[in-house]
Amino acid sequence: MRSPPPRAARHLLALAAAALLGLLLPAAGAAAQDAAALYEQHCAACHGAERQGGQGPVLLPESLGRLRPPQANAVIARGRAATQMPGFADTLSPAEIEALTRFVYQPPATPPRWDAAAIADSRSVMVDPASLPARPQFEADPLNLFVVVETGDHHATILDGDRFTPMHRFATRPTLHGGPKFSPDGRFVFLMSRDGWVQKFDLYSMQMLAEVRAGINSRNIALSSDGRFVAVANYLPNTLVLLDARDLSLLRVMPVTAQRGGAPSRVSAVYDARPRRSFIVAMKDIPEIWEISYDDNAPPIYPGLVHSHERGMEEGLGAQAGLFRLRRIAVEEPLDDFMFDPPYANLLGSTRDSRRTVVVNLNVGRPVANVALDGLPHLGSGITWMHDGRRVMATPHLNRAQISVIDMRDWSVIGRIPTSGPGFFMRSHEATPYAWTDAMLGPERDTIHIIDKRTLRVVRTLRPSPGQTAAHVEFTRDGRFALVSVWENEGWLVVYDAQSFAEVTRLPMRRPSGKYNVGNKISLSEGTSH
Ligand code: DHE
């Protein structure tokens, strides 16, 4: 592990931050002045001297965006259930708790750093790969397993998708987010936490193999289609990190800066583009998309590209690691979120500020169309299917009670399906004529709508647990059953018959945020995210 700065230096830093806070928030008075010292005394052991996380999560403004200050105040006072966070109401006065809350929402006196040395130092390898069994150590179909992420108490459950019985449950890093990624044979799963931790788990032997911290605030990960590389998209610091998928050792830290002017940028998301043998990366703050080829035989310069590959990319990597070649595609505005069409020739991307959806053709390397979508689509949840002989894609909207359906031939919007509220996720399967979606961002957050993919109409609305948030659906490998989450700490995984919509069984789970079927993921099923 990286050694922390000497105690005196940490204290000086803390005092400097407190002084700054005092300038910024004079109304907070003496309690605010003491906040840094209070933090050092009560919080630093778990959350890190520089608030960069440790046993507890990161406490920097970028990482607290989803927690409002009154909620943070309540957590400091009363603790957080099912975690090791204790309550401080008996130890600290309300004014001190208030001062601590204000303190963690202030930027630190010195910008947080997480460089190659810190990444390398954070890595642990728990199991010798040579000791791993050649075959699964269980009877269940290894391609019909589900990985269920339970954010309620930071665990994951491995579920037998034929019998709907849990096979194994293990602790994960806190704040797991986004889709886990599976190796091409479905044996290994890679998990990522918002605090930058990447973990590799072996499904055949049910063991955590290795972990590394690739950033302080991470967005998502992608695994190369050949299973060799993990790409990590970071907000903090402004980097894209490339890891060796075998043992999570560091291959490269790519600072993300604009081609023109060199402005730094957060990374919105990274996805693998299988047929292109490349990672596609969207940037949050600069109008560029990056394509990073991991194809050892790729030409050094792509046809139609805006800028040729960067020579620097070829430095420092042995033959074993291969060469990564960077291509930059200029777009009009930074993209927040995107999805591919099935051939991976085009990507649909959304801009958060101007609320536009653009189509960028990856072959010619430029935007080729705008899509007239209303509201902010959640393209990362988009799915596609064949409809009247043409491929369509459908997406929920984060701010509109609607599913939009787009003809992928000419990018026209051919359907606007009303729902009971804005939704987050959408799922289907090749074997079912129905698509399932939630309305979790609206007043009827306990509903799941079932849409007929042929008529583009809602044919059934389910309420798995009335009054409790229902979200995120995933099908079994054969598409016969749909698994829905009830997102409560004392929540449920509810299994439905995908044809009759009848409930088959329900399993208690601790806020099962997402579930991921191995077979559907590695076959790139058109009904799920990849
Ligand atoms: Fe997510 C996936 C971004 C908030 C739960 N979310 C993703 C992915 C991205 C993303 C880029 C794709 C990862 C992948 O598969 O590689 N999420 C964002 C945001 O920008 C947003 C709106 C704001 C933020 O805080 O980052 C956001 N996401 C949330 C939540 O608040 C959710 C509902 C609760 C949580 O646990 O954080 C949430 N996101 C999820 C889940 C997935 C996900 C469960 C996996 C979807 C899948 O099935 O693949």
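The following paragraphs lead through a predicted model of a single chain with a ligand, from its overall make-up to selected residues.

The chain contains eight helices and 33 strands. Its length is 530 residues, and 57% of these count as buried. The accessible surface comes to about 21,600 Å², with carbon and sulfur atoms accounting for 52% of that area. When contacts between residues at least 6 apart in sequence are considered, 50% of them join residues at least 24 apart.

The interior may be approached through its nonpolar cores. The largest nonpolar core has 25 residues, and those with the most contacts inside it are F190, V198, I221, V230, V232, L243 and L248. Several elements each supply at least two residues of this core: helix 7 (116–122), strand 6 (188–192), strand 8 (207–213), strand 9, strand 10 and strand 11. V230 shows how such a residue is surrounded: leaving aside neighbours within four places in sequence, V230 is in contact with F190, V198, I221, A222, L223, V241, L242, L243, A245 and L248. Apart from this core lies another, of 21 residues, which includes L251, V256, M283 and W290.

The ligand is the next point of interest. There are 18 residues around the ligand, and H177, K181, R219, R427 and S529 come nearest. By class, this shell has six nonpolar, seven polar and five charged residues. Three polar contacts with oxygen atoms of the ligand can be described in turn. In the side chain of S529, an N or O atom is 2.5 Å from an oxygen atom of the ligand. For the side chain of R66, the corresponding distance between an N or O atom and a ligand oxygen is 2.8 Å. G179 takes part through its backbone, where a polar atom is 3.3 Å from an oxygen atom of the ligand. The elements that give two or more residues to the shell are strand 9 (217–223) and strand 33. Strand 9 gives the most, with three residues. Strand 9 also supplies at least two residues of the largest nonpolar core.

Strand 33, which spans residues 512–517, is also the place of S513. Is S513 buried or exposed? S513 has a relative accessible area of 15%, and it is therefore buried, the limit for that class being under 20%. Leaving aside neighbours within four places in sequence, S513 is in contact with V149, T151, H472, S485 and W487.

The backbone has some particular features in loops. A cis peptide bond joins L236 and P237, with omega of about -10°. P237 is placed in the loop between strand 10 (229–236) and strand 11 (239–244). Both of these strands supply at least two residues of the largest nonpolar core.

Positive phi values also call for attention. H154 has a positive phi of about 55° although it is not a glycine. H154 is found in the loop between strand 2 (145–150) and strand 3 (155–160). With a relative accessible area of 21%, H154 is partly exposed, because it does not fall under the 20% limit for burial. T175, likewise not a glycine, has a positive phi near 55°. The place of T175 is in the loop between strand 4 (165–171) and strand 5 (181–182). T175 has 27% relative accessibility and so counts as partly exposed.

Definitions and conventions
Residues numbered from 1 in each chain as written. Predicted model: local features only at pLDDT ≥ 70, side-chain atom pairs only at ≥ 80, totals over all residues. Heavy atoms only, no water. Helix = DSSP H or I, 4+ residues; strand = E, 2+ residues; numbered from the N terminus. Buried < 20%, exposed > 50% of the residue type's maximum accessible area, 1.4 Å probe, protein only. Contact = heavy atoms within 4.5 Å. Areas by Shrake-Rupley, 256 points an atom, 1.4 Å probe, with all protein chains shown as cover. Near = heavy atom within 4 Å. Polar contact = N/O pair within 3.5 Å; in protein donor to acceptor, adjacent residues only side chain to side chain. Nonpolar A, V, L, I, M, F, W, Y, C, P; charged D, E, K, R; others polar. Core = buried A, V, L, I, M, F, W, Y, C linked by side-chain atoms within 4.5 Å.
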